[in-house]
Each structure stands twice: as C-alpha cells, then as structure tokens.
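The exercises below are meant to be worked through with the sequence and the three-dimensional view side by side. Try each task before reading its solution.

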Number of protein chains: 2
Amino acid sequence: MARETRIEEVLAGAARLFARGGFDGTSMRAVAAATDLSKPGLYYHFADKDALLFRLCHDAIARVLAGAEAAVAAADGPAARLRAVIGVHFAYFLDHPDALVVLNRERRRLSPDRQAEIGRLERRYLDLIRTVLRGGRDGGAFRRLNPTVAAFTVLSVLNGLDTWYRADGPLPPAEVEAQIAAILTRGLAAATGDAP
Amino acid sequence: MARETRIEEVLAGAARLFARGGFDGTSMRAVAAATDLSKPGLYYHFADKDALLFRLCHDAIARVLAGAEAAVAAADGPAARLRAVIGVHFAYFLDHPDALVVLNRERRRLSPDRQAEIGRLERRYLDLIRTVLRGGRDGGAFRRLNPTVAAFTVLSVLNGLDTWYRADGPLPPAEVEAQIAAILTRGLAAATGDAP
C-alpha cells in the first residue's frame, strides 16, 4: 500500500477515536491499536499526540479552504460563489465527519504555535467567505449586511453540521445541503436578488 | 448577601474558569479560590465538579428554554415567534457568554445520566423551534423546508455566537442580532412572506 494511503488510514482511525473519546481521553497506544500499528510505528509517523492532532486539524481546514478557493474562482456570480463554498464544505463534511468534529471540538488542545497556525487557515477561510459576501453586497445581489456578521452566520451553520447531521437521516444529503443553501442564499439575497 | 445571589456569583466564576481553561483543566480548588470560598465551602454547595458543571449547563439551557417558551407564547405570527426565540437566546448569550460556552463545549464531560438530562432540555428547545417553523410553513409564511433541517440551521447560528461574537466589536449588539435575525427570517420566509 502506498505510504500516503496508509497515513490517510491512520489519520481516519485517529480522527474516529478523537471524535468519540475526545483528545484527552485517547492515548497513542489506542490509536496504534485501532490502526494496526505498533506504538513505535505510530511514533515514526507522528512525533507525539499533539503532532497527530495538528495534522488532523490542518488537513481538514486546509482541504476545505483549498476546495472552496478553487470553487469560488470557478463560480459565476455571488450566489453561485456562496453556493460553491457551501457545497465544498458540505462534501468534505460528508466524507470526513470525524475530521471536522476534531477540528471544531479539539483544536483548543493543540500547543499554542500550532493552534495559531490553524487559526491562520481559518482566518483565510473566513476572509474568502467575507470577500464573496462583500462582493455580492457591493454589486447589489446581496443585502447591505455587515460581511463579518454574515460570514460567521454562514460558517456557524456549516460548522454546526457535526452536532446534528446523521448520514442515516430521512432526507438524502443533497436535499439537506440544498435546504441549508437555500436558507442562507435567500437570507442574504437582496429583495430583487438572484437567489433560488 | 442572599444565598441565591451568592450561588449565582459562584456559578459565574466557575463558568468563567471552565470557559477559559476547560472543565478538565480547572480544579475545584481553582473555583474555590476564584470565588472566595474555602474548598469545604464550595463542596457544601456542589458535591463534586460534575455537579457544578451540571448546574451550569442546566441553568443555561433551562433559562433559554423557559424564556423562549414564554416569548413564543406572547408573539403573534410565525416570523415574530422566530424573532422572539432569537431575541431570547441572544440576550441570554450577552448576559452569560461563559455559560453558553460551557454548555456547548463541556457538556460531553458530564456523567451519562446528567448528560441525558441536558439532552432532554435541548430536545425540548429544538422541538419548540421546530413547532414554530412547522406552523409557519403550514400557514404559508415560511417556505416548504424540512422543519428539523431548518431548526438546526437556526440553532447552529445561535450556538455559534460564542465562537466569534465579541462584546467590544464594531457593531452594537442590537445591530448584530438584527442582522442575524434578518438572514434567518428572510431565509425561511415564503417568497410573499411577512419577514422584514
């Protein structure tokens, strides 16, 4: 198995344990056992539990950010750009629910330098959403709201998914995503706006 | 000083410590020191740290729920009812930001029975919001969205406040609340709806 694939497996296993038992409640021994590694094997990849948590948080926010940046660049118009961010975040959440639980709940357990690095990536993500909202506001597609308040409203809805969404719920995921996107896009749209 | 007032002070001090240092990172000794109690004095009021955390979480969700129930009963029409819930939750957050941080972040540290009791209150709060949204949908004021998806969207925005709102931010709190309420109310309103 390719080394990167194996590391992805280890990360997925660690995310599952951290999401269920919490960072403090999960030992490196438990991560090693759950991912079929020896403890030295696990420590070969990650110097300590903080390094493992950092990699999980970093991968999650960096991938959502990179995906959202690409999707925004490819989208045409403010409503489509907002819809693109929601689509990327929702898709990452569906594929990596544990990773976003860990990012949301456990990143305060990181050492200060690493917490600051995650904070810088989250700031870039916030700035991307603010830029989309500000552009829509200045062009007249979105109402005249404070872009920071509006961006955190959008982010709160996306970051809240892990507290309630269940893959085995009654609605198909695409329908849940469409309803959330409709509430936010309509909520931000100018009265004569281009939202669905 | 009246006993209840003193207990409120102790709870506020404990909430501040738990919100900043985490439940696991805060000792009963630290709570006693920060609230000018002896350790036996603190243990006289709360049998252990779990009992203290439960009281904090219980007060927060029970007060938001009771306030929201009363405000919904007094409001006229679906949009006003939704607006009333947002107003009660926002006002409680402004007055007790630490209590809502503790409820959101630390309630998973509670013993299972107590966590279940908090879960029952949160379920009643969710049901209240769902009932408001379903009523608005069935009466034609709100669009035809799944009430559970819509209710968790509203709750995510309210529960997300503690991750970003700062009392010393550039907008007055009433303006932040109005903008959030406008996004949600407009986002849920039928095309011909009664939202602002």
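Helices (H or I, at least four residues) and strands (E, at least two) are DSSP runs, numbered from the N terminus. This is a predicted model, in which local features need pLDDT of at least 70 and side-chain atom pairs count only at pLDDT 80 or more, while totals for chains, interfaces and linings use all residues. Residues are numbered from 1 along each chain as its sequence is written, chains are lettered from A and ligands numbered from 1 in the order in which they are written, and side-chain values use heavy atoms, with hydrogens and water left out.

**Exercise 1. Locate Phe23(A) and describe its surroundings.**

Begin with the chain, where Phe23(A) sits in the loop between H1 and helix H2 (28-34) of chain A. Next consider its exposure, for which buried means under 20% relative accessible area, exposed over 50%, and partly exposed in between (1.4 Å probe, protein chains only). Phe23(A) has a relative accessibility of 8% and therefore counts as buried. Then list its contacts, a contact being heavy atoms within 4.5 Å: leaving out residues up to four places away in sequence, Phe23(A) touches Phe18(A), Lys49(A), Asp50(A), Leu53(A), Glu106(A) and Arg109(A). Finally, compare sequence with space, since Phe23(A) and Arg105(A) are 82 residues apart in sequence but 9.1 Å apart from C-alpha to C-alpha.

**Exercise 2. Summarise the make-up of chain A and the confidence of the prediction.**

Chain A has nine helices and zero strands, and its C-alpha atoms fill a box of roughly 60 × 40 × 30 Å along the principal axes. Of its 196 residues, 53% count as buried. Turning to confidence, pLDDT is the predictor's confidence in each residue, from 0 to 100; the mean for chain A is 94, and 97% of its residues reach 70 or more. Within chain A, confidence is lowest in helix H1 (residues 3-21), at a mean of 92, and highest in H4(A), at 98. For the complex, the predictor gives an ipTM of 0.93 and a pTM of 0.93.

**Exercise 3. Check the length of helix H7 of chain A and find what covers it.**

The expected span of a helix is 1.5 Å times one less than its number of residues. Helix H7 (residues 112-139) of chain A has 28 residues, and its first and last C-alpha atoms are 40 Å apart, close to the 40 Å expected. The buried residues of H7(A) include Ile118(A), Leu121(A), Tyr125(A) and Leu133(A), and what covers the buried residues of H7(A) includes helices H4 (49-74), H5 (78-95) and H8 (147-164) of chain A. Just after H7(A), Gly140(A) takes a positive phi of about 95°.

**Exercise 4. Decide how enclosed H8(A) is, and say what caps it.**

First the span: the 18 residues of H8(A) should reach 26 Å at 1.5 Å a residue, which agrees with the 26 Å between its end C-alpha atoms. Next the burial: 15 of the 18 residues of H8(A) are buried, so H8(A) is largely enclosed by the rest of the structure. Last the cap: a side-chain oxygen of Asn146(A) lies 2.9 Å from the backbone nitrogen of Thr148(A), and Asn146(A) thus caps the N-terminal end of H8(A).

**Exercise 5. Work out how the two chains are related.**

Copies are superposed by least squares on the C-alpha atoms of residues with pLDDT of at least 70 in both. Chain A can be laid on chain B with an RMSD of 0.0 Å by a turn of 180° and a shift of 0.0 Å along the axis. The two copies are thus related as by a two-fold rotation axis. The same surface serves both copies, as 100% of the contact residues of chain A recur in chain B. Among the residues of chain A, Gly187(A) comes closest to the rotation axis, with its C-alpha at 1.8 Å.

**Exercise 6. Contrast the loop residues Thr26(B) and Asp36(B).**

Thr26(B) is found in the loop between helix H1 (3-21) and helix H2 (28-34) of chain B, and at 6% relative accessibility Thr26(B) counts as buried. Asp36(B) belongs to the loop between H2 and helix H3 (39-45) of chain B, and Asp36(B) is exposed, with a relative accessible area of 70%. As to the backbone, Asp36(B) has a positive phi of about 55° although it is not a glycine.

Note on methods:
Polar contact = N/O pair within 3.5 Å; in protein donor to acceptor, adjacent residues only side chain to side chain.
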